[in-house]
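I opened my notebook to write down, entry by entry, what I looked up in this model and what I found there.

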Amino acid sequence: MTDAWGAFEARMNEQSDLGGIMGLLGWDEQTMCPPGGRGARAHHGATLAAIAHQRLVDPAYGEAIEAAAALPDLTVAQQAMVREARRSRDKATKLPEAFVRAMAQQRSTTNQAWEHARETKRFADYRPALEQLMRLKVEEADLLKGDGTRYDALLDDFEPGMRLERLQPLLGSLRDRLVPFAQTLLDAPAPDVAVLEQGFDRDRQYAFSLRVLEDLGFDFEHGRQDLSTHPFTGGTAPSDVRLTTRVWEDWLPACLYATVHECGHGLYEQGHARELWRTSVCGAPSLGLHESQSRFYENVIGRSLPFWEHYLPVAREFFPGQLDGVDAMAMQRAVCRVARTPIRVESDEVTYNLHILLRFELEVDLIEERVAVADLPEVWNARMEQYLGYTPKDDVEGVMQDVHWSEGLFGYFPTYTLGNLYSAAIREAMARDLQIDDLVRAGEFAPILTWLRERIHAVGAVPLGEVLMREVTGKPLEVDSFMTYLETKYGALYGV
Ligand code: ZN
């Protein structure tokens, strides 16, 4: 390759390496770091982030990107590397340094106010900080938006290429079909979940999760699993992927499904083609795509009847005597219970999306300044009642339950539901090639992983998310596949 490519590549590799080191620091902070080390760790992270930012906005990097872009005969992957490097750099250069510092400061202030207000259970203790943060987010969106909307500008950080004008009707049509369907399930007799609440030995739960992780194809030569309060997938590179899970003694699904969910993320990370490593396209094209893999494994595979037909005998070995009184169908019904759960992260795969729709609609109104921060609790509670038939008993159970807005993450929530939509469309496409249920029932997960590897994991962020999904599924993003999946599965489980 030419010198121009070499110069660009060296810079791009450096950005990737700095990202990997930050990934390691972040993983350590949530798993191994002693409480007393957190202060020092915050300094390490801030210093490294500042260095990475300086290197990113360095005019020499901009010149290297443009010189590489002008080269003839770039491969498709190389063109994508240039595209992604340019995109991150353009975004970084549009925000003045003073603004970036003010935002980092305000995020930290808002986070502290949020934690404090969760203790006092008073939204009034949180409101001034959130109002100030919103002013900065509006300013940020105006700096970034170009000819799009403010929400487009924020959404682009998580779902590149997606636009509000497509997302809004898509999620609107999901809401129109999902609200009545969820109501029907919520009004039906609830399945018995007592079997999951018996109290299960922590070490055995963890050992069981490792067994499932290995069966699904997670590569322990290039990854590991540890414990953390909030499960996540991180790490430094495709060759070093770090998952975490948690163990709740009186709720069997907590550990198992956290592991299976993060495994989906981890398999994706481990599957990027070797030639993409240390480049700007070594990753998913969007958070929605990343989430499609975790939700595919957690819900489509993990909460299916064939999964329990295979794993119930295995689980009985890990928890002797505790699961003798149930069959696979009862296990599936229990892990698929649909309930009026006020907390998003504890909700089921049907109502989960109603929690997301509510947040999406509110954050669009917030950023367009159609709803004031002061009115949030009232609007939140009214919409919870409308969608779920439940009114939160306080704001901790309502508008103050998620950390996202305090972190300045607007435009993030819809990616969770996009992940669900993508996962159902992927399942449909995969079913044309594989007998998914038979494979899962037999515990043969390798063909499923190979299918995902070849079409999705290996190509990384070379194609944009929507383009990739159209190639894989043969159709544009829509809600039919997901609703059909839910209606079939829960129709059978609930007899509705
Ligand atoms: Zn996830």
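Entry 1, the sheet. I began with the open sheet of three strands, in a model that is predicted, and I read its strand order as β1-β3-β2, with mixed pairing. I then noted that β1 (223–227) and β2 (233–237) stand at the edges, where each has a single partner strand, so one side of each is left without a neighbour in the sheet. From one strand to the next, I found that the twist averages 20°.

Entry 2, one pair of strands. I followed β1 alongside strand β3 (residues 240–245) and saw that the two pair in the parallel sense, over five bridges. As one example I looked up Gly223, whose bridge partner in β3 is Val241.

Entry 3, the helices on the sheet. I found helix α9 (residues 202–216) lying across β1 and β3, and its direction is at about 155° to β1. Helix α10 (residues 252–270) lies across β1, β2 and β3, and I recorded that it runs at about 165° to β3.

Entry 4, a threonine in the sheet. Which residues does Thr245 touch, if I leave out those up to four places away in sequence? I first placed Thr245 in strand β3, and I noted that it counts as buried because its relative accessibility is 0%, which falls under the 20% cut-off. Its contacts include Tyr206, Gln225, Asp226, Leu227, Cys255, Ala258 and Thr259. Looking at the side chain of Thr245, I found one of its polar atoms 3.2 Å from the backbone oxygen of Cys255, and I also found a polar contact of 3.1 Å with the side chain of Thr259.

Entry 5, the zinc ion. Which atoms of the protein are donors to the zinc ion? I listed His261 (NE2), His265 (NE2) and Glu291, the last entered twice through OE, and they lie 2.1 to 2.8 Å from the ion. Along the sequence, I wrote the spacing of these donor residues as H-x3-H-x25-E. His261 and His265 are four residues apart in helix α10, so I understood them to be separated by about one helical turn. I checked how accessible they are, and both lie under the 20% cut-off for buried: His261 has a relative accessible area of 11%, and His265 has one of 10%.

Entry 6, the angles at the zinc ion. Why is the arrangement of the four donor atoms irregular? I found that they subtend angles of 49 to 127° around the zinc ion, whereas a tetrahedral arrangement would need all angles to lie between 85 and 135 degrees. For comparison I noted that the ideal angle for four tetrahedral donors is 109.5 degrees.

Definitions and conventions
Residues numbered from 1 in each chain as written. Predicted model: local features only at pLDDT ≥ 70, side-chain atom pairs only at ≥ 80, totals over all residues. Heavy atoms only, no water. Pairing = 2+ DSSP bridges. Axes fitted to C-alpha atoms, helices over the stretch in contact; angles between N-to-C directions. Contact = heavy atoms within 4.5 Å. Donors = N, O, S within 2.8 Å, 3.2 Å for Na, K, Ca; no water. Tetrahedral: all angles 85-135°; square planar, octahedral: opposite > 155°, others 65-115°. Buried < 20%, exposed > 50% of the residue type's maximum accessible area, 1.4 Å probe, protein only. Polar contact = N/O pair within 3.5 Å; in protein donor to acceptor, adjacent residues only side chain to side chain.
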